[in-house]
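Reader: Hey, can you walk me through the ring contacts and cysteines in this one? I'm new to this, so plain words please.

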Amino acid sequence: MAIKSTLTCLWVTLCAAGVTSIPLPAQAASPLPAAAPATAATAVSGYNQPPKNILDVMRAPSPPTPVVSPTHEHMLLVSWQDYPSISRVATPFLRLAGVRVEPGNHSKHDTPGGYGITPCASGFELVRIADGAQTRIALPADACPNRPLWSADGKRFAFENTTANSVDLWIGDAASGAIRRIPGLRLNPMLEDELQWMPDQKTLLVKTVPQRLGPAPAEPTVPNGPSIQESDGGKGQSSTYENRDTLGNQHDEDLFDYYASAQLALVDANSGAVTPIGAVGRYESLGAAPDGQHLLVTSIRKPYSYVTTFDRFPQEVEVWDISKRQNLAVHHIASLPLADRVPIGGVPLGPRDFSWRATEPATLVWAEALDGGDWKAKVPARDKLMLQKAPFSSAPLELMRTEQRYVGIAWGEQPGLALMTEYDRNKHWRKAFVINVDDPQQPPRLLWDLSTDEKYANPGAAVRRQLPNGALVMRQDGDAIFLSGVGASADGDRPFLDRLDLKTLKSERLFRSDKTSYEQFVAFTGKDANTFLTWRQSVTDAPNAFSRKLGTPIEAAAGEAAFTSNSVAITHIPDPTPVVRQIKKRLVKYKRADGLDLSFTLYTPPGYQEGTRVPTILYAYPLDYADASKAGQTSGSQETFTRLRQYKLLLLAGYAIIDNAAFPIVGDPKKAYDTYMEQLVADAKAAVDEAVRLGVADPERIGVTGHSHGALMTANLTAHSDLFRAGVATSGSYNKTLTPFGFQSEQRSVWEAQDVYLKVSPFFYADKMKTPLLIVHGADDANPGTTPLQSSKLYEAIRGNGGTTRLVLLPHEPHWYAAMESNEQLVYEMLRWFDTYVKNAPPRTTAAETAPR
């Protein structure tokens, strides 16, 4: 089922074109030399490249990732193309209501939010789990397949393959590894949900490009009229959208209609026969009921908005009875109006977050807001949960009301069990309840009640399995369920598997990763809980699949596994970059000046001699916390297989890296950014002081870098502290008045907190920014708030005030940079900048002042 829920991720944790850098103008201070021959080679294309030792690591293949079949008989090892060519990234696209569409094949050009072009798999390897036997899947030449989708019976897998002219459907056989294309079928992935298995597991439900669609609407040579927007006086504090990706005129509307148009169809996986269902329409989300007869269909209707993206357009929600495909019976569920005035952080009015009940043939569940969709409103109940059964002729029933915002529901294998989760946005708090939707007299039982920032006590997520019809349910063992989580601890993450008795609410630890590796539970492989599959890696060992079997019960310390366990390697993936194993890393704990516990991972370069001070780079991404006690909790693991990307590649040039330094911003979420700058500088000073105290970092040679919200941090630290000799800020937002209706966790508008918006914006302190700052941005960044204009204007401001700066715009790149050429240019620029202003920077203090602090 592919019914969408914007808050689903909260169930577990509430959860980078012919580019050349723009030359520094002659008027600007301290220009870089024209070349840095000691650190870089020049590519013929006009892009620059870092040295060969760095290039070799960048171009080495990454370890594959496992995609396990629901029956756990097979898995596909999927190797991904890390960096596509700039020619692919530069493929022309249209910006249509928040979707970037390639007109040549109707494919999505990048992921939602502009986080990078949709990746291509470079290879599939079919592995039989019982004995590890492998079969290489023979993909077509120049293939660009995506993640394969297994049928629930494990007999087949399906995947999309993107070509220049179409997105094709391929089906693979698990027994032989043979694959075949369904001829004459062009998928339409513009609005997603374009491919899913039907409950019979022999048929695929697809969205296709209509056969008789015809040519796209031509842009008029003479405008049809002006582009007009109007407000009737009501407040419309929706989140900030990037105007260039929303619709702008009638021609944009016509293009949206054209490319969003889809024909639904059923594809027989055996014969390849294609049967259309329903009329051509603009279908957003689809979800088949467990009975295979009913289909939830959400369609987009007019009028459109030039302010919001397509997911806020008017919608019709219907249930189709497809048992009679030539004469569909349609049950109307809801008509949702244009939602262009949703409160910041709120939800639209009317039914939302639809899902089918997994253990009934066709029972629909959804939520409706009782607070106007505004989390700031004080109400006795925020949402109500509704239920309606086939044949949908009776009015829906109200199941229950939630004190806070409904997040989602997970169904048990047995009908009487479900877990319902709600979330308090202001407190960063979640509650999970055990409920029985069949017995309204049974009050909900509170299962979990904890901060969403809580890492150490996070219970994990329920282990789920697919029923024969494909519906997902929590795996049960009598009255118990199983939980799998990352296992955060003061010593780093140690993934675990627990058995939770829902009657006693007591957990039994079945498995926990040891302290010298990072091993994650993947799936049970037998009828009981004694055998299971893990994905294991260590600092020296590439990730591989292991089969584990529980042994006898043992005496165990709190938090440790209560059973012995033996393992057998199923795969034997080699190390693609042995030179990286020379890099050492360690967890470092320290305190902020106010006593807050912090940590970072310290990487030292190959051949590092303990006690030697080397040039160092700090990387961080500030996070917001409502509770100081949770802000200092350690996350991440030092036992993972080290891979180098972007700034970490500078380890190969002799730099140490202070990685993922904790940068908490603590306070009431309604006003945490009132003290943002003070906390930011305190976080940075604590990390720098500790790295210097350890004898690794040279206080005269420390740089700072960050991406997106971390780029804002970087620019602010160069403006408001003297801790760093240079900074590199990538794809940031530097003038928050350009995102007036909130940013990050700041929910106040600029008119409500003008001083805060000005204070956190380094643009307004450009006259104070004397620390050299390299600014990099993707020229096609679609992430709300981080338009390329942000970087261009900061560069102009620093340059105009006599600062040292450089602006590099990477053509065709979104928020995260995708192309090999762009990433090579980024590493070249970072290395050149830090070599000039950090590694080879002249001393600025006396020897006495550089003693460890």
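**Rings, charges and a sulfur link**

Author: Sure. Counting rings of Phe, Tyr and Trp whose centres lie within 6.5 Å, there are 24 aromatic pairs. One of them is F157 with F159, a stacked pair with 6.5 Å centre to centre and 20° between the planes. Keep in mind that this is a predicted model.

Reader: Okay, and is F157 buried or exposed?

Author: F157 is buried, with a relative accessible area of 0%. F159 counts as buried too, at 1% relative accessibility.

Reader: Cool. What about Y619 and Y647, how do those rings sit?

Author: Y619 and Y647 are stacked as well, at 4.3 Å centre to centre and with 10° between the planes.

Reader: And where in the chain are Y619 and Y647?

Author: Y619 is in strand β43, residues 614-620, while Y647 is in the loop between α4 (628-631) and β45 (656-661). The pair therefore ties together parts that are 28 residues apart in sequence.

Reader: Why does Y619 count as buried?

Author: Because its relative accessibility is 12%, and buried means under 20%. Y647 gets that label as well, at 11%.

Reader: Back to the Phe rings for a sec. Which residues do ring pairs link into a cluster?

Author: That cluster holds F124, W150, F157, F159 and W170. So you've already met two of its members, F157 and F159.

Reader: New topic: charges. Which ring does the charged end of R581 sit over?

Author: R581 has its charged end over the ring of F641, 3.8 Å from the centre. There's also R536, which lies over the face of F546 at 6.0 Å from the ring centre.

Reader: Nice. Now the cysteines: how many disulfides does the structure hold?

Author: One disulfide. It joins C120 and C144, with the sulfur atoms 1.7 Å apart.

Reader: Remind me what a disulfide is?

Author: It's a covalent bond between the sulfur atoms of two cysteines.

Reader: Got it. Is the one between C120 and C144 left-handed or right-handed, and why?

Author: It's left-handed, because the torsion about the S-S bond of C120 and C144 is about -70°.

Reader: Which parts does that pair tie together?

Author: Two loops. C120 is in the loop between β7 (107-108) and β8 (121-128), and C144 is in the loop between β9 (134-136) and β10 (149-150). So the link ties together parts that are 24 residues apart in sequence.

Reader: Last one: are C120 and C144 buried or exposed?

Author: Both C120 and C144 are buried.

Notes. Residues numbered from 1 in each chain as written. Predicted model: local features only at pLDDT ≥ 70, side-chain atom pairs only at ≥ 80, totals over all residues. Heavy atoms only, no water. Phe/Tyr/Trp six-rings, centres within 6.5 Å; stacked < 30°, edge-to-face > 60°. Buried < 20%, exposed > 50% of the residue type's maximum accessible area, 1.4 Å probe, protein only. Helix = DSSP H or I, 4+ residues; strand = E, 2+ residues; numbered from the N terminus. Lys NZ or Arg CZ within 6 Å of the ring centre and 35° of its normal. Disulfide = S-S within 2.5 Å.
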